[in-house]
Amino acid sequence: MLTDTGKKILAAHPNSRFCTPASQCPTMDPAWESSEGVPIDAIVFGGRRPEGVPLVYESFDWKHGVFVGAAMRSESTAAAEHVGKVIMHDPFAMRPFFGYNFGDYLGHWLSMENHQGAKLPKIFHVNWFRKSSEGKFLWPGFGENSRVLDWICRRVDGEDNSKKTPIGLVPTKGSINTDNLEPVDMDAIFDLPKEFWEKEVQSIRTYFDEQVNRDLPEEIANQLNALEERVRNM
């Protein structure tokens, strides 16, 4: 924006979007802060990954889902105050906002499974930003993302529309509604290159060793080892 003297200035800091009260959102459920608790059916993590990571996948179970969140990587954003488009580790898409020991944070997530009678939500990972070898986005994004959310909701409802891969459960062919959509290369957007995932495993392991080390919960270490074995057998 311009000042009265014509000088160009930023209208707001990129992180100011985090300061907007959720209560001002017109579509917010009126019970979102209920003292009785708020049922959650699905948790959807997302990262900006130009290659290797599919459009959407579901975790195998709760422990695997916590690992998926812990192992997230993404192109840098303004929130992380990182210069340039580099792939950084961004666990739970919360890297700049952790307020206490990351190992304890993971333990807190894992402990949810031990609550008697708890109905744990399914955990998903989405990636709207995968690109072709020509550098073009493979998925149109924006409002068309609702097609992926539709698949997620049907998974929550128990629909049998997924298949197992080394990294998680992905949609079966034709289970994402593409009616009236410009042609999308669904094979490319769900391709899992072995070499990419071998490097991904090593990057995650290095990050855990350097940033969490002995505080890493055993369950998460086991999940990483299991992923490495599945990738090895791809």
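Where is the place of tyrosine 100? In this predicted model, tyrosine 100 occupies the loop between strand S4 (87-89) and H2. Its relative accessible area is 42%, and tyrosine 100 is therefore classed as partly exposed, since that class lies between the 20% limit for buried and the 50% limit for exposed residues. Not counting residues up to four places away in sequence, tyrosine 100 touches Tyr105 and His108. With histidine 108 there is also a polar contact between the side chains, at 3.4 Å. Serine 146, by contrast, is 46 residues away in sequence from tyrosine 100, and the two C-alpha atoms are 34 Å apart in space.

## The nonpolar core

The largest nonpolar core holds 47 residues, of which Phe92, Trp109, Val148 and Phe208 touch the most other members. At least two residues of this core come from each of strand S1 (42-46), strand S2 (56-58), H1, helix H2 (102-111), strand S5 (122-126), helix H3 (146-156), helix H5 (194-211) and H6. H5 gives the most, with 6 residues.

For phenylalanine 92, with residues up to four places away in sequence not counted, the contacts are Phe45, Val66, Gly69, Ala70, Met72, Phe98, Phe102, Tyr105, Leu106 and Trp109. Tyr105 is thus touched by phenylalanine 92 and also by tyrosine 100.

## Packing of H1 against H6

Helix H1 (residues 62-70) and helix H6 (residues 218-232) have axes that come within 9 Å and cross at roughly 85°. Because of this angle, H1 is roughly perpendicular to H6. On the H1 side the contact is made by Lys63, His64, Val66 and Phe67, and on the H6 side by Glu219, Ile220, Gln223, Leu224, Leu227 and Arg230. By character, the residues of this contact divide into 5 nonpolar, 2 polar and 3 charged. Val66 of H1 takes part in this contact and is also touched by phenylalanine 92.

## Two buried serines

Serine 59 is placed in the loop between S2 and H1, whereas serine 74 is found in strand S3 (residues 73-75). Serine 59 has a relative accessible area of 5% and so counts as buried. For serine 74 the relative accessible area is 5%, which means that serine 74 is buried.

The side chain of serine 59 reaches the backbone oxygen of aspartate 61 at 3.1 Å. For serine 74, a polar atom of the side chain lies 2.8 Å from the backbone nitrogen of arginine 48. With neighbours within four places in sequence left aside, serine 59 is in contact with His64, Gly65, Val68, Ile123 and Leu169. His64 belongs to the H1 residues that make the contact with H6. Serine 74, with residues up to four places away in sequence not counted, touches Gly47, Arg48, Arg49, Val86, Ile87, Met88 and Asp90.

## The loop between S5 and H3

Lysine 136 is found in the loop between S5 and H3, and phenylalanine 137 lies in the loop between S5 and H3. Lysine 136 is exposed because its relative accessible area of 59% is over 50%. Phenylalanine 137, at 47% relative accessibility, counts as partly exposed.

Residues up to four places away in sequence are again not counted in the contacts that follow. Lysine 136 touches Arg130 and Lys131; phenylalanine 137 touches Trp128, Phe129, Arg130 and Lys131. The C-alpha separations of these two residues and of tyrosine 100 from selected partners are listed below.

| Residue pair | Apart in sequence | C-alpha to C-alpha |
|---|---|---|
| Phenylalanine 137 and proline 50 | 87 residues | 8.1 Å |
| Lysine 136 and arginine 205 | 69 residues | 30 Å |
| Tyrosine 100 and serine 146 | 46 residues | 34 Å |

## Asparagines with positive phi

Asparagine 180 has a phi near 60°, a positive value in a residue other than glycine. This residue lies in the loop between strand S7 (168-171) and helix H4 (186-189). Asparagine 180 is exposed, with a relative accessible area of 83%.

A positive phi, near 50°, is also found at asparagine 213, likewise a residue other than glycine. The loop between H5 and H6 is the place of asparagine 213.

Terms used. Residues are numbered from 1 along each chain as its sequence is written. This is a predicted model: local features need pLDDT of at least 70, side-chain atom pairs count only at pLDDT 80 or more; totals for chains, interfaces and linings use all residues. Side-chain values use heavy atoms; hydrogens and water are left out. Axes are lines fitted to C-alpha atoms, for helices over the stretch in contact, and angles run from 0 to 180 degrees between N-to-C directions. Helices (H or I, at least four residues) and strands (E, at least two) are DSSP runs, numbered from the N terminus. Angles under 35 degrees count as roughly parallel, over 145 as roughly antiparallel, 65 to 115 as roughly perpendicular and the rest as oblique. Contact means heavy atoms within 4.5 Å. Ala, Val, Leu, Ile, Met, Phe, Trp, Tyr, Cys and Pro count as nonpolar, Asp, Glu, Lys and Arg as charged, and the others, Gly among them, as polar. A nonpolar core is a set of buried Ala, Val, Leu, Ile, Met, Phe, Trp, Tyr and Cys residues joined through side-chain atoms within 4.5 Å. Buried means under 20% relative accessible area, exposed over 50%, partly exposed in between (1.4 Å probe, protein chains only). A polar contact is a pair of N or O atoms within 3.5 Å; within protein, one must be able to donate a hydrogen and the other to accept it, and residues adjacent in sequence count only if both atoms are side-chain atoms.
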